[in-house]
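Here are a few short exercises to work through with the model open in your viewer. Try each task before you read its solution.

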Amino acid sequence: MNKHRLIYLDNNATTPCDPRVVEAMVPYFFEKHGNAASRSHQFGWEAEDAVDYAREQIAQLLDVDDKEVIFTSGATESNNLAIKGVFEMYARKGNHIITVETEHKAVLDTCKHLEKAGAEITYLKVQEDGLVSLTDLEAAIKPNTILVSIMWANNETGVIQPMREIATICEKHGVLFHSDATQAVGKIKTHPREVGIHLMSFSAHKMYGPKGVGGLYVSRKNPRVKVTAQIDGGGHERGMRSGTLNVPGIVGFGKAAEIARKEMDQDAERLSKLRDRLQAELTKLEETKVNGNEGSRMPHVTNISFKHVEGEGLMMTFNQNIAVSSGSACTSASLEPSYVLVGMGLGDDLAHSSIRFSLGRFTTEEDVEDAIKLVSTGVNHMRDLSPIWEMYKDGVDLSKIEWAAH
Ligand SMILES: *Cc1c(COP(=O)(O)O)cnc(C)c1O
């Protein structure tokens, strides 16, 4: 094995750009550099046409009207626009928003922000498999509920929420439904209108497009949803998001959407086989646990706890060779265990021993075979050195031990 080859299994943090995406973008940095809002000359028209085309490519992927696609700087901004925008626009109807403890920080921190502005937020717990309970959801809806925000697929575990059932409950109670679908769009079928989702966030850099460009789907009919702009200015994007459009980024996003629409089924089939192989081999090691509902999970993701092994330490044994993450990219700088896994009822020890493997379009069979060897060696090595593992092997009940200082 080439010692310096670095295997990328962190596609949930970001995906590389597809070369076809970059190729489509290049002309828009120079010859076709116009501002899509310049109405008086060829450069502007050309840029505007390119944006219109990209909007259509994305609308086709989502099976929605192109007027329902708003361009933003990424899914963080889309989540902010959707949640804050609905809160402000529907203030007279109510102030209660329901979300879930295991959402991305871009949703949770937006909700926390709104609490200071008078919003009432319910953070639903998830079950052990990561799925929300539909009974809990319905029980949480009150007369002042204006919005339910639940992600399509979780970034750490790949768990897919029951979108259709959630939409049915929202519809029954006349509540708007927003979904952070950043991890699902371009990888599995995500048709918000068909499912009954009214607002949906997504991002180019999670689907082989460039960083710094995202989208928000906003339903224009049955119901016609409005959001209050969070960035004011020239009135771009039908007044919902001002600011000069990132034309090259949007062109790349459109191309990424077109490729995804054509290739996602074959990508998913290939990657689920590789993921299953990786998971099957790694769970042959003693004392492992796959986190999240395996029956309702993205095809390219597996999150595994290696008991009595500290995840960050384990990663250090192979991070010259494999790029993965323990916890999410956003929190991996801290030593807090993943709140997503803790929310699923994992103890700190199991949460600390977890690694997320996320495959992607450019992952090869060789990558997976090498990863199996490297991770297995790393786990065995860590355990050989670990007094805790030794105690476990000697039959000590580790849960009964009182550790000093936590
Ligand atoms: C990556 C991610 C985001 C943030 O998207 P950006 O485009 O990087 O702002 C939001 N939600 C989920 C689920 C994500 O995976």
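**Exercise 1. Decide whether glutamate 120 is buried, partly exposed or exposed, then find its salt-bridge partner.**

Start with the accessibility: glutamate 120 comes out at 31%. Buried would need under 20% and exposed over 50%, so glutamate 120 counts as partly exposed. Keep in mind that this is a predicted model, with a mean pLDDT of 95.

Next, look for the partner. The side chain of glutamate 120 meets that of lysine 142 in a salt bridge, at 2.2 Å from N to O. Glutamate 120 sits in strand 4 (residues 120–124) and lysine 142 in the loop between helix 5 (134–140) and strand 5 (145–149), so the pair ties together parts that are 22 residues apart in sequence. Lysine 142 is partly exposed too, at 33%.

**Exercise 2. Work out where aspartate 109 and lysine 112 lie, and do the same for aspartate 370 and lysine 373.**

Take aspartate 109 and lysine 112: both belong to helix 4 (residues 105–116), three residues apart, or about one turn of the helix. Their closest N and O atoms are 3.7 Å apart, and they form a salt bridge. Aspartate 109 is partly exposed at 41%, and lysine 112 is partly exposed at 42%.

Now go to helix 12 (residues 365–385), which holds aspartate 370 and lysine 373, again three residues apart. Their salt bridge has an N to O distance of 3.8 Å. Here aspartate 370 is buried, at 6%, whereas lysine 373 is partly exposed, at 49%.

To finish, count the salt bridges: the total is 28. Some link up into a network, made of Asp18, Arg20, Glu263, Asp267 and Arg361.

**Exercise 3. Pick out the backbone oddities at proline 223, tyrosine 208 and histidine 308.**

A reminder to begin with: most residues other than glycine have a negative phi, and most peptide bonds are trans.

Check omega from asparagine 222 to proline 223: with a value near -5 degrees, this peptide bond is cis. Proline 223 is in the loop between strand 8 and helix 8.

Then check phi. Tyrosine 208 has a positive phi of about 70 degrees, and its place is the loop between strand 7 (199–203) and strand 8. Histidine 308 also has a positive phi, about 65 degrees, in the loop between strand 10 (301–306) and helix 9.

Last, compare the surroundings: tyrosine 208 is buried at 5% relative accessibility, while histidine 308 is partly exposed at 24%.

Note on methods
Residues are numbered from 1 along each chain as its sequence is written. This is a predicted model: local features need pLDDT of at least 70, side-chain atom pairs count only at pLDDT 80 or more; totals for chains, interfaces and linings use all residues. Side-chain values use heavy atoms; hydrogens and water are left out. pLDDT is the predictor's confidence in each residue, from 0 to 100. Helices (H or I, at least four residues) and strands (E, at least two) are DSSP runs, numbered from the N terminus. Buried means under 20% relative accessible area, exposed over 50%, partly exposed in between (1.4 Å probe, protein chains only). A salt bridge is a side-chain nitrogen of Lys or Arg within 4 Å of a carboxyl oxygen of Asp or Glu.
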